[in-house]
Amino acid sequence: MVVKCLLGSNCSFPNTMRRVVRQSKFRHVFGQAVKNDQCYDDIRVSRVTWDSSFCAVNPRFVAIIVEASGGGAFLVLPLHKTGRIDKSYPTVCGHTGPVLDIDWCPHNDQVIASGSEDCTVMVWQIPENGLTLSLTEPVVILEGHSKRVGIVAWHPTARNVLLSAGCDNAIIIWNVGTGEALINLDDMHADMIYNVSWNRDGSLICTASKDKKVRVIDPRKQEIVAEKEKAHEGARPMRAIFLADGNVFTTGFSRMSERQLALWNPKNMQEPIALHEMDTSNGVLLPFYDPDTSIIYLCGKGDSSIRYFEITDESPYVHYLNTFSSKEPQRGMGHMPKRGLDVNKCEIARFFKLHERKCEPIIMTVPRKSDLFQDDLYPDTAGPEAALEAEEWFEGKNADPVLISLKHGYIPGKNRDLKVVKKNILDSKPSANKKCDLISIPKKTADTASVQNEAKLDEILKEIKSIKDTICNQDERISKLEQQMAKIAA
């Protein structure tokens with residue numbers, strides 16, 4: 001059944017949804033921005049024209065893509081480090097082009113991946129208490145894209161599996177533990193990929209593309225399972241995400257440039273389960289989904305509001321709940337995982353809204369009189385433990401997330417360091433066209449040369465690291481001296 005909101009242009013989307021008075025424990029969810037002293041101030045948020053969220057958060061850190069001269073950088077701040085952030089605060093600055101997307105690893109709160117205009121993906125290990133010096137050396141650099149990388153997304157249940165998508169219209173799935181690209185989907189998209197979303201157990205992905213198609217793909221079989229042409233007819237960017245029940249939720253634009261949202265069943269993509277028209281704003285709607293409560297939060301880039309909806313299996317399927325509004329438009333948005341919320345205050349979501357010069361947390365709460373733990377608001381949620389190892393997933397296994405209870409709150413455990421074990425290229429079988437060359441070289445000589453080359457390479461890498469560290473330190477020193485000069489001049 002298709003449910004459409006086709007009322008006149010004077011009718012705002014929320015009013016059309018309010019006609020259905022229904023019982024829901026989330027009807028009175030309200031959003032509240034924190035006080036000024038709990039914001040992160042004086043941050044130069046990136047001005048890159050790319051429709052990603054520019055912000056990623058977890059129970060330990062908030063990461064924000066920032067303006068950087070001579071390359072790309074992002075800030076990583078411990079959650080408690082609120083207030084004014086010093087201009088000389090260390091950054092993660094190893095990319096040679098602007099950073100376009102960042103994503104925290106769901107299984108290790110100290111590991112973050114970044115994609116950049118320099119065509120690389122880098123994976124970083126953040127020290128337990130945050131950065132004291134700028135970080136220039138990633139744990140691993142993943143090279144395989146021929147154009148800028150605008151999307152990075154970790155696998156929800158398998159350890160060390162990372163997906164990246166670039167403007168070369170290719171999706172690559174990496175085993176970060178070995179630094180290898182194991183799946184390359186380079187012939188499925190004829191145009192730019194707007195976003196990629198994993199399903200709950202990570203067996204499928206769905207993508208929205210500039211060719212107006214929404215695709216559901218089995219990445220290991222490298223085949224398209226379902227596809228919808230012109231999911232939204234407008235020319236502006238779409239988004240598609242998987243819901244916990246396997247349905248796909250999309251946002252996009254109509255032919256008349258009205259913003260739309262739709263719900264699809266991948267087993268039958270002919271018609272949407274529901275299709276709603278919202279307003280005529282031109283900001284791209286970024287959807288954030290909470291599988292525990294079935295609530296979707298829509299944050300439009302350039303909007304000053306967050307709309308939220310409950311997804312149910314009864315008509316009209318997508319139920320409008322409320323809108324959080326503020327004065328300032330948002331440049332980007334971070335969404336805290338459930339285990340990072342304060343269950344004692346009935347907090348069901350926390351967003352980190354990026355302004356031009358600051359990051360402002362917004363807390364969504366369900367009002368309750370009781371101080372007791374609210375079981376109905378907090379079913380067991382995805383914890384930090386991986387259900388599978390990377391090798392198991394690549395071999396074909398699937399597993400749902402390992403769930404944890406939030407009854408006594410979430411206490412972050414010790415994270416193990418990310419180790420990358422590169423496979424020895426000499427152990428792999430030579431390709432047919434190189435076989436004759438390799439046979440003519442005695443094995444011992446090849447091994448000796450390899451050891452010497454590796455030693456030389458290590459030496460060069462150490463020297464590069466030393467020079468980069470010196471440059472970062474000098475930058476910090478120059479910045480401090482400039483501040484002192486400014487004070488004296490004043």
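Is Asp-42 buried, partly exposed or exposed at 22% relative accessibility? Asp-42 counts as partly exposed, a value computed, like those in the legends below, from a predicted model.

**View 1. The protein as a whole, in a predicted model.** The protein contains 4 helices and 32 strands, and buried residues make up 53% of its 490 residues. Among the contacts with a separation of 6 or more, 55% join residues that are 24 or more positions apart. The accessible surface comes to about 24000 Å², and carbon and sulfur atoms contribute 50% of that area.

**View 2. The salt bridge between Asp-42 and Lys-87.** The side chains of Asp-42 and Lys-87 meet in a salt bridge, with 3.6 Å from N to O. The pair links distant parts of the chain, since Asp-42 sits in the loop between β2 (40–41) and β3 (55–57), while Lys-87 sits in the loop between β6 (83–84) and β7 (92–95), 45 residues apart. Asp-42, at 22% relative accessibility, is partly exposed.

**View 3. The salt bridge between Glu-389 and Arg-159.** In this pair the side chains of Glu-389 and Arg-159 form a salt bridge with an N to O distance of 3.1 Å. Glu-389 belongs to the loop between β31 (381–382) and α2 (390–394), and Arg-159 to the loop between β12 (149–154) and β13 (161–166), so the salt bridge ties together parts of the protein that are 230 residues apart in sequence. Glu-389 is partly exposed, with a relative accessible area of 32%, whereas Arg-159 is buried, with a relative accessible area of 13%.

**View 4. The salt bridge between Glu-233 and Arg-255.** Glu-233 and Arg-255 form a salt bridge in which the closest N and O atoms are 2.5 Å apart. Here too the partners come from distant parts of the chain, with Glu-233 in the loop between β19 (223–228) and β20 (239–242) and Arg-255 in the loop between β21 (248–253) and β22 (259–264), 22 residues apart. Glu-233 is partly exposed, with a relative accessible area of 33%, and Arg-255 is exposed, with a relative accessible area of 64%.

**View 5. A network of salt bridges around shared partners.** Asp-42, Arg-84, Lys-87 and Arg-357 are joined into one network by salt bridges that share partners. In the protein the count of salt bridges comes to 21.

**View 6. An open sheet of 4 strands.** The strands follow the order β3-β4-β5-β7, and their pairing is antiparallel. Because β3 and β7 stand at the edges, each with a single partner strand, one side of each is left without a neighbour in the sheet. From one strand to the next, the twist averages 20 degrees. Strand β5 (residues 72–78) pairs with β7 in the antiparallel sense over 2 bridges, and Gly-72 stands opposite His-95 in β7.

**View 7. Cysteines without a disulfide.** A search of the whole structure finds 0 disulfides. For Cys-55, the closest cysteine sulfur is that of Cys-359 at 4.9 Å, which is too far for a bond, given that a disulfide requires sulfur atoms within 2.5 Å. Cys-55 counts as buried, at 3% relative accessibility. Cys-119 is likewise in no disulfide, the nearest cysteine sulfur being that of Cys-167, 9.0 Å away. At 21% relative accessibility, Cys-119 counts as partly exposed.

Key:
Residues numbered from 1 in each chain as written. Predicted model: local features only at pLDDT ≥ 70, side-chain atom pairs only at ≥ 80, totals over all residues. Heavy atoms only, no water. Buried < 20%, exposed > 50% of the residue type's maximum accessible area, 1.4 Å probe, protein only. Contact = heavy atoms within 4.5 Å. Areas by Shrake-Rupley, 256 points an atom, 1.4 Å probe, with all protein chains shown as cover. Salt bridge = Lys/Arg side-chain N within 4 Å of Asp/Glu carboxyl O. Pairing = 2+ DSSP bridges. Axes fitted to C-alpha atoms, helices over the stretch in contact; angles between N-to-C directions.
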